[in-house]
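Here is a set of short exercises to work through with the model on your screen. Try each task yourself before you read its solution.

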Amino acid sequence: MSCKFKLLNIGFGNTVVADRVVAIVNPSSAPMKRLREEAKTNSHLVDATQGRRTRSIIVTDSNHVILSSIQAETIAQRLSADVLTKLDEKDPRC
């Protein structure tokens with residue numbers, strides 16, 4: 001039995017396992033800035049921006065915070081497309 005993980009492209013060749021994503025948010029609010037700082041303090045911050053401006057923050061079920069330079073709306077659309085594809089190709093064994 002082999003179940004494949006759906007990977008979500010978050011820019012510059014970086015990917016995240018789609019099933020692990022809890023939230024995709026805009027980084028501009030004060031609570032999101034605090035979230036980023038707490039993750040950095042706890043060594044749970046992953047910077048996938050390649051030195052560019054942070055345009056979205058991805059939160060995973062393991063409390064990791066991932067910074068991306070791709071717009072949150074774009075990543076959400078990619079995630080939605082993956083979910084719809086996954087429903088069409090559902091393997092009952094996985």
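**Exercise 1. Find what follows helix 1, then check the span of that helix.**

Step 1. Just after helix 1 comes serine 43, with a positive phi near 60°. Helices here are DSSP runs of H or I with at least four residues, strands are runs of E with at least two, and both are numbered from the N terminus.

Step 2. Helix 1 covers residues 30-41, which is twelve residues. The expected span is 1.5 Å times one less than the number of residues, so helix 1 should span 16 Å. Its end C-alpha atoms lie 17 Å apart, which agrees.

Before going on, note that this is a predicted model, in which local features need pLDDT of at least 70 and side-chain atom pairs count only at pLDDT 80 or more, while totals for chains, interfaces and linings use all residues. Residues are numbered from 1 along each chain as its sequence is written, and side-chain values use heavy atoms, with hydrogens and water left out.

**Exercise 2. Write down the order of helices and strands.**

Step 1. Count the elements: the protein has two helices and six strands.

Step 2. Read along the sequence, and the pattern is β-β-β-α-β-β-β-α.

**Exercise 3. Work out how strands 3, 4, 5 and 6 pair.**

Two strands count as paired if DSSP finds at least two bridges between them.

Step 1. Begin with strand 3 and strand 5, which run antiparallel and are joined by four bridges. Here isoleucine 24 stands opposite isoleucine 58.

Step 2. Move to strand 5 and strand 6, also an antiparallel pair with four bridges. Isoleucine 58 has isoleucine 66 of strand 6 as a bridge partner, and serine 56 stands opposite serine 68.

Step 3. Look at the hairpin of strand 5 and strand 6: four residues lie between the strands, and asparagine 63 takes a positive phi near 65°.

Step 4. Finish with strand 4 and strand 6, which are parallel and share three bridges. Valine 46 has isoleucine 66 as its bridge partner in strand 6.

**Exercise 4. Decide which residues of strands 5 and 6 are buried, and on which sides.**

Buried means under 20% relative accessible area, exposed means over 50%, and partly exposed lies in between (1.4 Å probe, protein chains only).

Step 1. In strand 5, five of its five residues are buried. Ser56, Ile58 and Thr60 lie on one side, with Ile57 and Val59 on the other.

Step 2. In strand 6, Val65 and Leu67 point one way while Ile66 and Ser68 point the other way, and all are buried.

Step 3. For the whole protein, buried residues make up 29% of the 94 residues.

**Exercise 5. List the members of the largest nonpolar core.**

A nonpolar core is a set of buried Ala, Val, Leu, Ile, Met, Phe, Trp, Tyr and Cys residues joined through side-chain atoms within 4.5 Å.

Step 1. The largest core has eleven residues: Leu8, Ile10, Val16, Ala18, Val21, Ala48, Ile58, Ile66, Ile70, Ile75 and Leu79.

Step 2. Strand 1 (7-11) and helix 2 (72-88) each supply at least two residues of this core.

Step 3. There is also a second, separate core of six residues, including Ala39, Ile57, Val59 and Leu67.

**Exercise 6. Compare the surroundings of threonine 49 and valine 25.**

Contact means heavy atoms within 4.5 Å.

Step 1. Threonine 49 sits in the loop between strand 4 (45-47) and strand 5. With a relative accessible area of 2%, threonine 49 is buried. Beyond residues up to four places away in sequence, it touches Phe12, Thr54, Leu67, Ser68 and Ser69.

Step 2. Valine 25 belongs to strand 3 and is partly exposed at 23% relative accessibility. Outside its neighbours within four places in sequence, valine 25 contacts Met32, Ser56, Ile57 and Ala72. The C-alpha atoms of valine 25 and isoleucine 57 are 5.2 Å apart, although 32 residues separate them along the chain.

**Exercise 7. Locate the salt bridge.**

A salt bridge is a side-chain nitrogen of Lys or Arg within 4 Å of a carboxyl oxygen of Asp or Glu.

Step 1. A search of the whole structure finds one. Its partners are arginine 20 and aspartate 61, at 2.6 Å from N to O.

Step 2. The pair links distant parts of the chain, 41 residues apart. Arginine 20 lies in the loop between strand 2 (14-17) and strand 3 (21-25), and aspartate 61 in the loop between strand 5 (56-60) and strand 6 (65-68).

Step 3. Check accessibility: arginine 20 is partly exposed at 39%, and aspartate 61 is partly exposed at 43%.
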